[in-house]
Amino acid sequence: MLLLGKSTSINVRKVLWTCAEIGVPYQLEQSSGADVRQINPNAMVPVVIDDGQVLWESNTICRYLAGKHGREDLLPAAPMARAQVEKWMDWQATELNTAWRYAFMALVRGSAAHTDPAAIEASIREWNRLMALLDAQLAATGAWVAGDSFTLADIVLGLSFNRWLSTPMTRPALPALDAWAARLGNRPGWLQHGANGTP
């Protein structure tokens, strides 16, 4: 399997962590969005080429890998159990990503297009609100995002959690997130691709 993307990219790291959990062999080719435009019209990474087929969208690639390798622990086969994992994956890609984008671009990337103090504050406020929702979910399960077992939901949200911790801003105390981070600390894939010092 050929994986195209920068190893520092949050979305590429979702795939790398998934590969680590499953034990998938791959060849990583350091590529940017511009490099993959011919095979991904969105000009975004990661892109995977496997069995002669092209896949993009990081969460879709993670689902594909779990399905291909029969990892029903990471993505259950039963429709409701699977949906419980996928709803949190979709929430990460939509609501949560939308909330943090402005603040992250301003405070970490130093983007000249993201300098409005009111917009930064609004982004921080919404980001913290949504992380509190995740904290409440983890408090309810007492274990992992989608229930008693580690799944793909923990991978994709683990990367988002790492970005939240890495951004210089005020954060509320969220003890269930802290306890979850301690559990993640036992997983080599998290240490290599999540909590590795890259936001």
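These exercises work through a predicted model of one protein, from its overall fold to single residues.

The model is predicted: local features need pLDDT of at least 70, side-chain atom pairs count only at pLDDT 80 or more, and totals for chains, interfaces and linings use all residues. Residues are numbered from 1 along each chain as its sequence is written, and side-chain values use heavy atoms, with hydrogens and water left out.

**Exercise 1. Overall layout**

Task: State how many helices and strands the protein has, and in what order the elements run.

Solution.
Step 1. Helices (H or I, at least four residues) and strands (E, at least two) are DSSP runs, numbered from the N terminus.
Step 2. The protein has seven helices and four strands.
Step 3. Starting at the N terminus, the order is β-α-β-β-β-α-α-α-α-α-α.
Step 4. A UniProt annotation from an unreviewed entry, "domain: GST N-terminal", covers residues 1-73. UniProt positions are given in the numbering used here, feature names are shortened, and annotations may be inferred rather than shown by experiment.
Step 5. Residues 1-73 are 33% helix and 19% strand, and their end C-alpha atoms lie 22 Å apart.

**Exercise 2. Size and burial**

Task: Compare the radius of gyration of the protein with that of a compact globule, then give the share of buried residues.

Solution.
Step 1. The radius of gyration is taken over C-alpha atoms, and the globule rule is 2.2 Å times the number of residues to the power 0.38.
Step 2. For 199 residues a compact globule would have a value near 16 Å; the protein has 17 Å, which agrees.
Step 3. The C-alpha trace spans about 45 × 40 × 25 Å along its principal axes.
Step 4. Buried means under 20% relative accessible area, exposed over 50%, and partly exposed in between (1.4 Å probe, protein chains only). By this rule 46% of the 199 residues are buried.

**Exercise 3. The nonpolar core**

Task: Find which helix gives the most residues to the largest nonpolar core, and explain where this core lies with respect to the two domains.

Solution.
Step 1. A nonpolar core is a set of buried Ala, Val, Leu, Ile, Met, Phe, Trp, Tyr and Cys residues joined through side-chain atoms within 4.5 Å.
Step 2. The largest one has 56 residues, and M131, L134, L152, L157, L177 and W180 have the most contacts inside it.
Step 3. Elements that give two or more residues include strand 1 (2-4), strand 3 (47-50) and helix 3 (79-107). Helix 3 gives the most, with 10 residues.
Step 4. Domain bounds come from an automatic or database domain assignment. Because domain 1 (2-69) and domain 2 (79-194) both give residues to the core, the core lies between them.

**Exercise 4. The two faces of helix 6**

Task: Explain why the buried residues of helix 6 are on the same side, and name what they pack against.

Solution.
Step 1. In helix 6 (residues 175-184), the residues A176, L177, W180 and L184 are buried.
Step 2. They cover an arc of only 100 degrees around the axis, so they are on the same side of helix 6. The arc is that of the directions from the helix axis to the C-beta atoms.
Step 3. An α-helix has 3.6 residues a turn, so residues three or four places apart point the same way.
Step 4. The exposed residues P175 and A182 are on the face turned away from the buried side.
Step 5. The buried residues pack against helix 1 (10-22), helix 4 (117-141), helix 5 (152-166) and helix 7 (188-193).
Step 6. Contact means heavy atoms within 4.5 Å. Leaving aside neighbours within four places in sequence, W180 is in contact with several residues, among them L134, W144, L157 and F161.

**Exercise 5. Backbone details in two loops**

Task: Locate the cis peptide bond, then decide whether A43 and D51 are buried or exposed.

Solution.
Step 1. The peptide bond from V45 to P46 is cis, with omega near 10 degrees. P46 is in the loop between strand 2 (27-29) and strand 3.
Step 2. A43 also lies in the loop between strand 2 and strand 3. Its phi is near 55 degrees, a positive value in a residue other than glycine.
Step 3. A43 counts as buried because its relative accessibility is 13%.
Step 4. D51 lies in the loop between strand 3 and strand 4 (53-56). Phi of D51 is positive too, near 50 degrees.
Step 5. With a relative accessible area of 63%, D51 is exposed.
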